[in-house]
Amino acid sequence: ARPDDPAIVEPAPWSTRLGNPVLTNPYGQPSRFESATIRRQSPGLTQTDEASVSFTPLQSTFGMITPSGLHFERHHQGWVDIDPRQHRLMINGLVDTPMVFTMEDLMRMPSVSRMHFIECGANTALEWGNSAVPTVQYTHGMLSCSEFTGVPLSLLLERAGFDLKRATVLLAEGADGSSMTRTINIENALDDAMVAYGMNGEMLRPEQGYPLRLVVPGAQGVSWVKWLRRIEVGDAPYATKDETIHYVDLMPDGQLRQYTSIQEAKSVITSPSGGQRLMNQGYYNVSGLAWSGRGTVTKVEVSTDGGRHWQTARLEGPVLPKALTRFNFDWTWNGEAALLQSRVTDSTGYIQPSKPELKAVRGTRSIYHNNAIQTWRVMPSGEVENVQLG
Ligand code: MTE
């Protein structure tokens, strides 16, 4: 803009009169000018709006935390808003004393607060064969990161007195109509899993499982059972419907891999990304997200030439285990076509695979656990599109 731009030299109406009173919105809302920053459903992806998914607009969020109102939703039979006074959590199975907790019981217990990402195992599912959807909201938007507050699951199991010698798994069950039940490894349960009621400083939103959900850091989203009503301690995997028909990985030889629940290291550039347009050549801050279900992000590299050359990006702190990590990279666009990619390394030394590397092992007909490197093509016009190389 020029120094005589009226927007800087003329007094604007809002500079010359009273603003709105306090409590106009007792629960704050985003600016009306941000109405395009919303969760979206992928057109035609699901047959009903109850057994469906809404995607987080990753292209419009900053830092590592996802605002609660933009947290992606994945429901198998629609979401419910449960009266917390009527909600109960039962712990039974291989325990000394089966127990039933009210929300009041749980909220007076010792609590922890931790930042963690949640990613649906089916995130990036449409991209196995070829590039299928235009924006990062649809390619990677079944991903969010929040601060969760709740009771460590290990504490509840101790209270119930579980049989450490026989117990190998837990069954977690939700109270919605989807009969959502998942087998959880006892190691995960005793390590950092929690029964959470808080998210980003407030009670969980109904869409996220109010008043209680399981948080299993690093595990695929389906294990984070919402509206959690029961945990059964068991000695063998339960092989429930959502562990046999769905959430299995179809391998190239036709075999199905089961119980691949950990989300491997993955990263994506969120800006510039598909559907956006660069204005003119010059400086751009390339920004994105990286995460690993096995620990912390140790390095993110960015390529602007489709993976031929890599340069290290800046990691913005805090870099926390099993949480999203924001990275930034200085780029001067020369106006020519470019292929933008990011590649993460995690604390186990694992490096995110390229698409051809992942396809060589997993084939192209799978749904779950696609953690391949994403490519955005910047065209000389400045338009950015989703492409696959090789
Ligand atoms: N828990 C119940 N009870 N019912 C569900 O439909 N969906 C699961 C999981 N927990 C689901 C559930 C799936 S597949 C995912 S990816 C996450 O919740 C999504 O959590 P979110 O909606 O808070 O993003």
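## Met180, a buried loop residue

A residue is called buried if 20 or more other C-beta atoms lie within 10 Å of its own. Keep that cut-off in mind for methionine 180 in this predicted model. Methionine 180 has 21 C-beta neighbours inside 10 Å, so it counts as buried. As for where it sits, methionine 180 is in the loop between S7 and S8.

There's also a long-range partner to look at. Methionine 180 and threonine 240 are 60 residues apart in sequence, yet their C-alpha atoms are 8.7 Å apart in space.

## Around the ligand

Met180 turns up again here, as one of the closest residues to the ligand, along with His76, Cys120, Gly174 and Gly221. In total, 20 residues surround the ligand.

What is that shell made of? Sorted by class, it has 8 nonpolar, 7 polar and 5 charged residues. If you go by secondary structure elements, strand S2 (residues 73–75) gives the most to the shell, with 3 residues.

## The mixed sheet

The two strands on either side of the Met180 loop belong to an open sheet of 5 strands, ordered S4-S3-S12-S7-S8, and the pairing is mixed. Strand S4 (99–102) and strand S8 (181–185) are at the edges with a single partner strand each, so one side of each has no neighbour in the sheet. Going from one strand to the next, the twist averages 20 degrees.

Zooming in on one pair, strand S7 (residues 169–174) and S8 run antiparallel and share 5 bridges. If you'd like a residue pair to click on, try leucine 171, whose bridge partner in S8 is threonine 183.

## The antiparallel sheet

Now for the other open sheet: it also has 5 strands, this time in the order S18-S17-S21-S22-S23 and with antiparallel pairing. Its edge strands are S18 and S23, and each of them pairs on one side only.

Strand S17 (residues 297–303) has partners on two sides. With strand S21 (residues 338–346) it pairs in the antiparallel sense over 6 bridges, and 2 bridges join S17 to strand S18 (residues 311–312), again antiparallel. Glutamate 301 is a handy landmark: its bridge partner in S21 is arginine 343, while in S18 its bridge partner is threonine 312. Valine 302, for its part, stands opposite glutamine 311 in S18.

## The hairpin at S22 and S23

Toward the S23 edge of that sheet, strand S22 (residues 375–378) pairs with S23 in the antiparallel sense over 4 bridges. Together S22 and S23 make a hairpin with 5 residues between them, and glycine 382 in the turn has a positive phi of about 95 degrees. Across the pair, tryptophan 376 stands opposite asparagine 386 in S23.

Which side chains of strand S23 (residues 384–387) are buried, and which are not? They alternate: Val384 and Asn386 point to one face and are buried, whereas Glu385 and Val387 point to the other face and are not.

## The nonpolar core

Finally, the largest nonpolar core has 75 residues. The members that touch the most others are Ala193, Met194, Val195, Ala196, Leu214, Val215 and Leu228. Strand S9 (residues 194–199) supplies the largest share of this core, with 5 residues.

Where does this core lie relative to the domains? Domain 1 (84–257) and domain 2 (266–387) both give residues to it, so the core lies between them.

Definitions and conventions: Residues numbered from 1 in each chain as written. Predicted model: local features only at pLDDT ≥ 70, side-chain atom pairs only at ≥ 80, totals over all residues. Buried ≥ 20, exposed ≤ 12 C-beta atoms within 10 Å, placed from the backbone. Pairing = 2+ DSSP bridges. Near = placed C-beta within 6 Å. Nonpolar A, V, L, I, M, F, W, Y, C, P; charged D, E, K, R; others polar. Axes fitted to C-alpha atoms, helices over the stretch in contact; angles between N-to-C directions. Core = buried A, V, L, I, M, F, W, Y, C linked by C-beta atoms within 7 Å. Domains from an automatic or database assignment.
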